[in-house]
Amino acid sequence: KHVVRAVGVTKTYGSGHATVQALRSVDVDFESGEFTAIMGPSGSGKSTLMHVLAGLDTVTSGQVFLGGTELTALPDRDLTELRRERIGFVFQAFNLLPVITAEENVTLPFRLAGKTPDRVFYEEIISKLGLTSRMHHLPHELSGGQQQRVAVARALLPRPDVIFADEPTGNLDSQSGTEVLSLLRRSVHDMGQTVIMVTHDPVAASYADRVVLFADGERSGEIASPTTESVL
Ligand code: ADP
Ligand code: ADP
């Protein structure tokens, strides 16, 4: 079952003579319970694709669907609500609020919605991410790698249908990188979540079920059952 789908998606930045075609009529599907890595050279459109798939940016033409809903036809307010309920983000700018602790950052989405997170799941994620002793600190008291792992915890805790991760292991040493990747992999396999991850790292890509390759705003290939060697 396709949970995320792009049909003929084009994205052009700028206007007049100064335009950049970041996406050129892209068709791509992601199934529920599937972990996909997106790879390609810098400037090939990977981040733009993630943003339009997540409804964070508009398309120039084409359609994006989340489940049975066409995101590209939704008014902003409905889009915001849909994102809050069904999508998790691990983006490079971690967007942790600086004035509240790591724990408050992770649980904020729940408190805003008047809900309480699953405490057992919380403790499990925090412990797997090696953050147990750090959660009462403010973001600036944590290392870059720890802040990134806090952002991962925040994305995983609500168990969203779809998780978008842009270079989730970019700032991490190999051990914490491995923990993040195995948590993402487990979300997919145990809970049927869909993970869409942009990465340059062949080791990270080897955790995915497939790699979709991008070049110059277009799909340029696909690797099934990737291994560290096959994506190099
Ligand atoms: P990648 O993530 O693969 O590095 P991007 O999606 O960031 O690629 O960029 C694709 C192309 O779109 C590049 O040529 C980039 O310079 C351009 N681009 C990205 N964001 C913007 C923007 N906000 N305004 C203008 N051009 C942009
Ligand atoms: P990482 O490999 O996770 O990026 P670092 O080498 O940056 O870790 O940090 C090592 C230790 O120093 C960590 O336990 C971290 O919590 C602590 N630390 C890093 N930056 C700060 C800071 N600004 N204030 C307090 N503790 C910090």
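Ligand 2 sits in a shell made up of Arg134, His140, Glu141, Ser143, Gly145, Gln146, Arg149 and Asp173, where a residue counts as near if one of its heavy atoms lies within 4 Å of the molecule. This is a predicted model, so to speak with limits attached: local features need pLDDT of at least 70, side-chain atom pairs count only at pLDDT 80 or more, and totals for chains, interfaces and linings use all residues. Numbering runs from 1 along each chain as its sequence is written, chains are lettered from A and ligands numbered from 1 in the order written, and side-chain values use heavy atoms, with hydrogens and water left out.

By class, that shell holds no nonpolar, 4 polar and 4 charged residues (Ala, Val, Leu, Ile, Met, Phe, Trp, Tyr, Cys and Pro count as nonpolar, Asp, Glu, Lys and Arg as charged, and the others, Gly among them, as polar). Polar contacts here are pairs of N or O atoms within 3.5 Å. On the backbone side, a ligand 2 nitrogen is 3.1 Å from a polar atom of Glu141, and a nitrogen of the ligand is 3.2 Å from a polar backbone atom of His140. Arg149 joins in through a polar side-chain atom, 3.4 Å from an oxygen of ligand 2. On its own the ligand exposes 560 Å², and the protein buries 41% of that (Shrake-Rupley areas, 1.4 Å probe).

Turning to empty space, the largest pocket has a volume of about 820 Å³. Of its 25 lining residues, Arg83, Arg84, Ile87, Phe89 and Pro109 are the closest to the centre. A pocket is an open set of points on a 1 Å grid over the protein atoms alone, with protein on both sides within 12 Å along at least five of seven lines, while a cavity is a set where a 1.4 Å probe fits but cannot get out; lining residues have an atom within 4 Å of a point. Volumes are the space filled by probe spheres set on the points. Helix 3 gives the most to this lining, with 5 residues (helices are DSSP runs of H or I, at least four residues). The lining divides into 16 nonpolar, 4 polar and 5 charged residues.

The second largest pocket comes in at about 180 Å³. Helix 2 supplies the largest share of its lining, 4 residues.

As for cavities, the whole structure yields 1 of 30 Å³ or more. Phe121, Ile125, Leu156, Leu183, Arg186, Ser187 and Met191 line the largest cavity, with helix 6 contributing the largest share, 4 residues.

Key:
A polar contact is a pair of N or O atoms within 3.5 Å; within protein, one must be able to donate a hydrogen and the other to accept it, and residues adjacent in sequence count only if both atoms are side-chain atoms. Helices (H or I, at least four residues) and strands (E, at least two) are DSSP runs, numbered from the N terminus.
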